[in-house]
Amino acid sequence: MRSRRKWWVAVHAESRFLRSGKVRDLYRIDDERLLLVASDRLSAFDVVLPTPIADKGRVLTGLSRFWFAETADIVPNHLLGADPADLPAELVADEAAGADLRGRMMIGRLAEVLPVECVVRGYLSGSGWKEYLATGEICGVPLPAGLRESDRLPGPIFTPAWKAPAGQHDENIPFGRVAELVGPDLAARVRDASLALYGRGAEVSLRAGVILADTKFEFGTLPSGELILIDEVMTPDSSRFWEAAAYEPGRAQASYDKQFVRDWLEAQPWPKTAPGPELPDDVVAGTRARYVEAFERITGASFARYLQEDVIAR
Ligand SMILES: Nc1ncnc2c1ncn2[C@@H]1O[C@H](COP(=O)(O)OP(=O)(O)O)[C@@H](O)[C@H]1O
Ligand SMILES: [Mg+2]
């Protein structure tokens with residue numbers, strides 16, 4: 001895979017590079033710690049667009065840091081720090097790179113990643129809606145007949161997916177398959193933790209007028225066997241956020257963050273395969289504004305202050 005690495009890590013630290021995902025670049029700090037850097041890359045229709053959305057990575061990292069703090073009583077997580085000054089000096093290229101890392105980086109506990117995407121749905125949408133239409137259930141969880149697209153479910157449900165190797169699509173699986181993949185004990189623990197995390201997230205979001213329709217968690221284990229929450233948590237990239245005031249079941253809902261750019265893309269003569277088109281300045285600005293608004297509404301904190309002081313506070 002072509003690397004999309006940025007210049008924030010010193011060239012002589014190449015050997016520490018682990019991998020680039022669609023959004024994050026990962027570096028090994030030592031045997032126990034990992035540097036996760038959220039880039040400003042935006043993917044839409046499964047294509048990473050050539051135009052970055054300034055500070056999007058900071059929105060994702062800031063929201064994850066907020067949720068890690070908000071949910072630490074439910075399950076321990078990988079977050080160890082977020083200060084570039086805590087990185088080994090040889091990892092940071094120079095002062096400018098340190099400044100660029102600020103707000104978008106996390107130091108995480110290096111975990112063995114469980115091969116399961118822990119999805120929780122409170123509403124009927126996306127692949128869940130498709131599966132319900134075809135079978136009346138999602139991941140083996142039976143649901144009442146007659147539900148409409150985007151309907152609120154009788155209660156949140158755990159609908160795991162198997163993490164397919166790169167290039168393949170993740171596959172919805174029943175809980176029994178999770179038990180086979182990670183063992184029945186861990187399977188029950190990630191299910192219970194996921195449902196509790198979603199419950200907390202949905203409650204906090206709704207207070208801000210935002211519906212957390214569904215979200216995806218990732219878990220890992222430490223050499224000690226401890227189970228921890230990893231990756232990013234309840235961000236616009238891992239979740240469907242809907243405007244509560246505009247919620248109307250019976251149709252698809254506009255996604256809080258990306259609808260703006262999706263609408264523009266839909267109007268372009270573009271076949272939705274890579275490479276995507278460059279975004280005009282007003283589309284970049286509008287998309288950035290939605291991400292920043294998501295951060296501010298959900299956390300109740302000022303994004304400008306997050307940028308300046310690296311704190312999540314009013
Ligand atoms: N604490 C951790 N230990 C090991 N791997 C992690 C940890 N936290 C996140 N990851 C991995 O880092 C990657 C995050 O990069 P991302 O761009 O989101 O990738 P993807 O395109 O696979 O979603 C994911 O593969 C995730 O499983
Ligand atoms: Mg990811």
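In the predicted model, residues that lie 24 or more positions apart account for 64% of the contacts in the protein chain that have a separation of 6 or more. The secondary structure of this chain comes to eight helices and 17 strands. Its radius of gyration, 19 Å, is close to the 20 Å that the globule rule gives for 314 residues, so the chain is as compact as a globular protein of that length. Along the principal axes, the C-alpha trace of the protein chain spans about 60 × 50 × 40 Å. Of the 314 residues in the chain, 52% are buried, while the surface that the protein chain exposes amounts to about 14200 Å², of which carbon and sulfur atoms supply 52%.

The surroundings of ligand 1 were examined next. The ligand is surrounded by 16 residues, of which R19, R24, H78, R109 and E218 come nearest. By residue class, the shell around ligand 1 divides into eight nonpolar, two polar and six charged residues. Polar contacts to the ligand involve both backbone and side-chain atoms of the protein: a polar side-chain atom of E218 lies 2.7 Å from an oxygen atom of ligand 1, a backbone N or O atom of V23 is placed 3.0 Å from an oxygen atom of the ligand, and a polar backbone atom of A111 is found 3.0 Å from a nitrogen atom of ligand 1. Of the 560 Å² of accessible area that ligand 1 has on its own, the protein covers 85%. The elements that give two or more residues to the shell around the ligand are the strands β2, formed by residues 24-28, and β3, formed by residues 33-38.

A further polar contact within the protein involves V23, the residue whose backbone also approaches an oxygen atom of ligand 1 at 3.0 Å. The side chain of S39 reaches the backbone oxygen of V23 at a distance of 2.6 Å. S39 itself is found in the loop between β3 and β4, the latter comprising residues 43-44. With a relative accessible area of 2%, which falls under the 20% limit, S39 is classed as buried. V23 thus takes part in two of the contacts described here, one with an oxygen atom of ligand 1 through a backbone N or O atom and one with the side chain of S39 through its backbone oxygen.

Conventions
Residues are numbered from 1 along each chain as its sequence is written. Chains are lettered from A and ligands numbered from 1 in the order in which they are written. This is a predicted model: local features need pLDDT of at least 70, side-chain atom pairs count only at pLDDT 80 or more; totals for chains, interfaces and linings use all residues. Side-chain values use heavy atoms; hydrogens and water are left out. A residue is near a molecule or strand if one of its heavy atoms lies within 4 Å of it. A polar contact is a pair of N or O atoms within 3.5 Å; within protein, one must be able to donate a hydrogen and the other to accept it, and residues adjacent in sequence count only if both atoms are side-chain atoms. Accessible areas come from the Shrake-Rupley method with a 1.4 Å probe; for residues, only the protein chains shown count as cover. Helices (H or I, at least four residues) and strands (E, at least two) are DSSP runs, numbered from the N terminus. Ala, Val, Leu, Ile, Met, Phe, Trp, Tyr, Cys and Pro count as nonpolar, Asp, Glu, Lys and Arg as charged, and the others, Gly among them, as polar. The radius of gyration is taken over C-alpha atoms; the globule rule is 2.2 Å times the number of residues to the power 0.38. Buried means under 20% relative accessible area, exposed over 50%, partly exposed in between (1.4 Å probe, protein chains only). Contact means heavy atoms within 4.5 Å.
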